[in-house]
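Biologist: Thanks for making time for this. Shall we walk through the model together?

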Amino acid sequence: MLNTQQKRQTLSGLLLIQLFIFSVSVVAGDLIIRVEDSQGNLLKDAVAYIEGNALNNTSNKSKREIAQKGKQFNPLVTVIQTGTSINFPNQDRVKHHVYSFSPAKKFELKLYSGVPATPVVFDQAGTVVLGCNIHDRMLAYVYIVDTPLFAKSNQDGLATLTNLPAGEHMVNIWHYALKKEGVPVNQKVGIDTNSQQLTVVLDIDPTLLVVDK
Amino acid sequence: MKFKTIQSQIIVTFVTIIIGIQLIGLVPLQRSINENAYKSAERDLKVGEGVFKNILEQNTANLKQGAKILAADYGFRSSVASNDSQTIISALNNHQARIGADIAVFYSKSTDETIVSGSLSKFDARNALNYLIATYDSEGNSLDFEIFNGVPYQLVAVPVKAPLIIGWVVMGFKIDNTLATKLQKITNLQVTFVQKTALNQWATAGSTLSSHQAELLLSSFVDNYQKNNQNQKIEIQIEDELFDTSAIFLHKDRKLIVALLQQSLTEATAGYTSLKNNLIIIVIIGLIIFTIATIWLSKYISAPIKAISNTAKQLEIGNYDIEVKTNRQDEIGVLSQSFNSMREAIALREKKVTRLAFWDEITGLKNRVAFAEEVKNSITEHNHSSFAVLVFNIDRFKVINKILGRPFGDKVLKIVGQKLSSGIRKSSDLVARIGADEYALLLTHATLEDGFSIAKNILSIFDQPLTVEGQKIDIRMSVGVAIYPEHGKHEEALLNHAETALQVSKVKKSGIVLYEAKFEKESEANLTLSTELKKAVADNEFLLFLQPKVNIKTKSVDAAEALIRWQHPDRGMVFPDQFIPFAEEVGVVQLITHWMLKQACQAHLMLKNKGVALQIAVNISTRDLIDQELPNTIMRLFFEYKVGPEAISLEITESSVMDDPVRSEQTLLKLAEMGLKISIDDYGTGYSSLTYLKKLPVQELKIDKSFVLKVDQNEHDATIVRSTIDLGHNLNLKVVAEGVENEASWQMLSQMGCDIGQGYFMAKPMPVDDFVTWHSKWHDMARKIKTA
């Protein structure tokens, strides 16, 4: 394992992160982040978030759902603010046993159908990998951030952070297939009232990508 | 190669051929056995190899299964998530035991910690683990084999997912003797694992072979590996066993662990070897049987040949009693039988030859040789005790033979032999036929008197005529006697002396004659006589006498018989009886006959000149008759004296014709053609067959004087004379009576119709010169005789 890591570190040295910043002087603005891999493929399910004290007064903790349908978790990646609760409605006919051994949130929902009575509250930032004890192939990620400013890249690899206060921010970008596992890429960005675009190139392990069936 | 015997020839040839055939057969058999065995071994090895790989895969599958079960266990994953080392190791222990693995290792990805169950240090485990995990592919396969601390293992690595990989479970079996034994049971191959040690040297990890064998295999493998560096099949000799060996590199890339699978070629050939051994035993037994049969056959063929050869050797030394025994029907049987019959034929022939050599065929008596031998034996055995040798001769036997035929003569000889045998003392005496008409008697322990008395006895037997084929025949014998030791000390001398005595007897017609030494002198005298006779012819010492032959009816004298007298210078007048038989014997008679014929011609001419026409009859002997020149001689005389057949006539005896009838007849016919008158002289003394006489060209029959001399007194003689006269007339012959001595006889003959008389009554033989005188007187005398 050591060897592998060393190899990866060597590879990371070759990584190029290009930031294209369009500076506009506004009070609040949007940031559109375009996420690509080193081959220029657009990456969906990438998480972008900005942390900072100035934003503590706002929250984004509305209830979320990760459904199980066709023996798959849907969505694959869920990004939430700490304290958000997620329900796991089972839309399949078979039962599921949803579990997490991730330190950010360890839990299990023993064999159940339908909607569990109580949702699971994720009160600690971190990455939670969800699995099903019945169906080994089922996999979902819950990325818990301690900020309300977060977004997930869509099908086109675009993640949009809206209503950002003007000023300089540190943008963090995480993807479950990152080679540097669990370590987000961060980038400073100045925000004004104009919308800005940012392209982030991630060094990912393509074998870890979950491909839709 | 040359053989001394047929037997060895047959045996060597056949046995060599059969051994050759068997060897020719065995070589490809051996090759095919080896090929088969090797092929089968190779096949077994290939199959075993497949099975071996299969089992290893199965092992891997089992390991994987066990590891997967562990990796998937929720509790285990939960322990891993909570870094509960105690629980993790107990779970590892549990699963390791469950599948019987030798080691179980867990590596935690999050903590980079290694937990080991089994006799393995964490440090040892780490290097291998990294490699294992690195080679784990998306299909769940990882490297199967690895060496931990010098011990090779078959391993599997399975990730622990939750659901992302949070760690690895590695499970493994030790590669050791146990595994090798297990694999051997299933594959039926010898299994040996070798590995490369940390020092880069090869070592045995586990083997079904003994440690010593395994070492040998290892060194063979290393040699071969260094040479070829290939995964290939090789043949390796371990101790006495040859193995077909296949090396399988269990490490796909690093080639650190090798499985050596071995199929014993020795074992594979074992079945064939026993088959081959059985075959060889069968071949050997077959060869033995064949050899015995060949020996028997060769004996069967050669033994009779040997027997025949031995018998032939016996035949060579004169042993004819050994029979070649066989009951076979084949060529050899036929040969044996032919040989037997040849042997018998030879034996028979030899017997016959022997018999001919010592026995007389006709009489069954011993012959001269055998008789001489017996006499010799008598001399040696009886050691000076006296014995007698008697020699018998049948008088005039030739005549019997000629007239009555040889077969008849042979019968006479046989009967005479029997008669002689009946006259002797059977036990010790011996009769033999020693010549044509001559017999000899050996009388053992006999004195002179004994010899004489026995000879007399025997002669008395022949007083009675013999009956042969119903015919009565008179046999007269002459006997010569010699006594041992007086008359000879050796068999030849005795026999010769007895024969000399016999000759004397014959000449003198004196019956039994005992040998005397003077006979030898007489013989000498005879020799002298022969010379003297020749001289007498040359010197004209002979005189011609004439005896008139008078016609009884007319009393005229037309003919006379010429008779010879020898005027011997010392002995005086010698009569023909005393020298003619001898002259005949010594061959002087022809000279005498020629002299007579010449004298007769001269006498005829002389008398003719004096007015007497006289035909003069000359006696012709046997020797003259067979002389083809006689007619020519007479012709020359006729020519010389200018006379014809009226001058002379010829007188022959019956017996003179009989000696050689064919030639005699030829001569007689020629003479008759010349017109010569021929008379049969001495008729009645021989064995004349009238039928035979009739064939001869004769005109006159002269009755022997023995019948005529007493014809006037003896009625018997008269009857003979009368019938002879009648007989002669019936055959158209003139009949002459000799020995007419008185008038009574004359008268009687006249009455009987006899044509001519001759005898003292008319005239004694007289010199030619006296004849004219007698002739003139006769007319007066004749007138005085009464005419019948």
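**Sheet, helices and chain contact**

Modeller: Happy to! This is a predicted model. A good place to begin is chain A, where four strands form an open, antiparallel sheet of 4 strands in the order β13-β2-β15-β16.

Biologist: Which strands of that chain A sheet stand at the edges?

Modeller: Look for strands with a single partner. A strand of that kind has one side left without a neighbour in the sheet, so it stands at an edge. In chain A these are β13 (149-152) and β16 (185-191).

Biologist: And what does the twist average from one strand to the next?

Modeller: The sheet has the order β13-β2-β15-β16 in chain A. From one strand to the next, the twist averages 25°.

Biologist: In β13(A), which residue is the bridge partner of I50(A)?

Modeller: Strand β2 of chain A covers residues 47-50 and is joined to β13(A) by 4 bridges, with the two running antiparallel. Within β13(A), the partner of I50(A) is L149(A).

Biologist: Stepping back, what percentage of the residues in chain A is buried?

Modeller: Chain A holds 1 helix and 17 strands. Among its contacts with a separation of 6 or more, 69% are between residues 24 or more positions apart. Of the 213 residues in chain A, the buried share is 34%.

Biologist: Over to chain B, then: is α9(B) parallel or oblique to α13(B)?

Modeller: Helix α9 (residues 368-381) and helix α13 (residues 491-508) of chain B have axes that come within 9 Å and cross at roughly 120°. The crossing is right-handed. The crossing angle therefore makes the relation of α9(B) to α13(B) oblique.

Biologist: How many nonpolar residues does the contact of α9(B) with α13(B) have?

Modeller: From α9(B) come A372(B), V375(B), K376(B) and I379(B), and they meet E491(B), E492(B), L494(B) and L495(B) of α13(B). By class there are 3 charged residues and no polar ones, and the nonpolar count is 5.

Biologist: Lastly, which helix gives the most to the side of chain B that touches chain A?

Modeller: The contact draws 12 residues from chain A and 15 from chain B. On the chain B side, α2 (74-81) and α4 (122-135) each supply at least two residues. That side divides into 9 nonpolar, 2 polar and 4 charged residues. With 4 residues, the element giving the most is α2(B).

Conventions
Residues are numbered from 1 along each chain as its sequence is written. Chains are lettered from A and ligands numbered from 1 in the order in which they are written. This is a predicted model: local features need pLDDT of at least 70, side-chain atom pairs count only at pLDDT 80 or more; totals for chains, interfaces and linings use all residues. Two residues are in contact if their C-beta atoms, placed from the backbone, lie within 7 Å. Ala, Val, Leu, Ile, Met, Phe, Trp, Tyr, Cys and Pro count as nonpolar, Asp, Glu, Lys and Arg as charged, and the others, Gly among them, as polar. A residue is buried if 20 or more other C-beta atoms lie within 10 Å of its own, exposed if 12 or fewer, and partly exposed in between; C-beta atoms are placed from the backbone. Two strands pair if DSSP finds at least two bridges between them. Axes are lines fitted to C-alpha atoms, for helices over the stretch in contact, and angles run from 0 to 180 degrees between N-to-C directions. Angles under 35 degrees count as roughly parallel, over 145 as roughly antiparallel, 65 to 115 as roughly perpendicular and the rest as oblique. A crossing is left-handed if the near helix is turned anticlockwise from the far one by less than a right angle, and right-handed if clockwise.
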